[in-house]
Amino acid sequence: MPAEKTLNDLFFDTLKDIYFAEKQVLKALPKMARAAQSEEGKAGFLQHREETQGQIERLEQVFELLGKPARGKTCEAIQGIIAEGEEIMEDYKGTAALDAGLISSAQAVEHYEIARYGTLKAWAKQLGLKDAIPLLDANLQEEIATDQKLTALGEALANAKGTQKKAS
Ligand SMILES: [Fe+2]
Ligand SMILES: [Fe+2]
């Protein structure tokens, strides 16, 4: 019989999952910034790229608290979400709907991250990993704020419809 796995193992595996995911997001955001037609969209994606860099550093601090090497574990969920975003970039290139599509992809990423950080924070509490809680919460709050900014951006875009220029 294999040794029984614990919540500690699950916490560590999930930490590796989000660490992998953040690194993928770090690579995807500049592509999304380049693709975005609106200046606000471009600036927003680049700003979140900066934040993502900081989030990766916080995760590295959590690995350090556990006394484990910072290593990612392939996260098929984020790969799927990013692949869908790339499909939108390709299929809607040069159309008036492109930015709305980019925002929707970015929100799918944020919601995945919010789910992961919410869970990790709850488990850190249960496991008594006191020093990990503020680090995970800082990431969680940034993802929530980003999601809200994206909602506002999507609404502004919808309101500006009609005056929107078509990219050549
Ligand atoms: Fe993130
Ligand atoms: Fe994010």
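The questions below concern helix 1 and its place in the chain of a predicted model.

Local features here need pLDDT of at least 70, side-chain atom pairs count only at pLDDT 80 or more, and totals for chains, interfaces and linings use all residues. Residues are numbered from 1 along each chain as its sequence is written, while chains are lettered from A and ligands numbered from 1 in the order in which they are written.

Q: What makes residues 7–35 helix 1?
A: Helices are DSSP runs of H or I with at least four residues (strands are runs of E with at least two), numbered from the N terminus, and residues 7–35 form such a helix, with 29 residues. The chain has 5 helices and 0 strands.

Q: How do you know what span to expect of helix 1?
A: The expected span is 1.5 Å times one less than the number of residues, and helix 1 reaches 41 Å from its first C-alpha to its last, close to the 42 Å expected.

Q: Why is helix 1 called roughly antiparallel to helix 2?
A: The axes, lines fitted to C-alpha atoms over the stretch in contact, with angles from 0 to 180 degrees between N-to-C directions, come within 9 Å and cross at roughly 160°. Helix 1 is therefore roughly antiparallel to helix 2, since angles over 145 degrees count as such (under 35 roughly parallel, 65 to 115 roughly perpendicular, the rest oblique).

Q: What makes residues of helix 1 buried?
A: A residue is buried if 20 or more other C-beta atoms, placed from the backbone, lie within 10 Å of its own (exposed if 12 or fewer, partly exposed in between), and the buried residues of helix 1 include Phe 11, Leu 15 and Ile 18.
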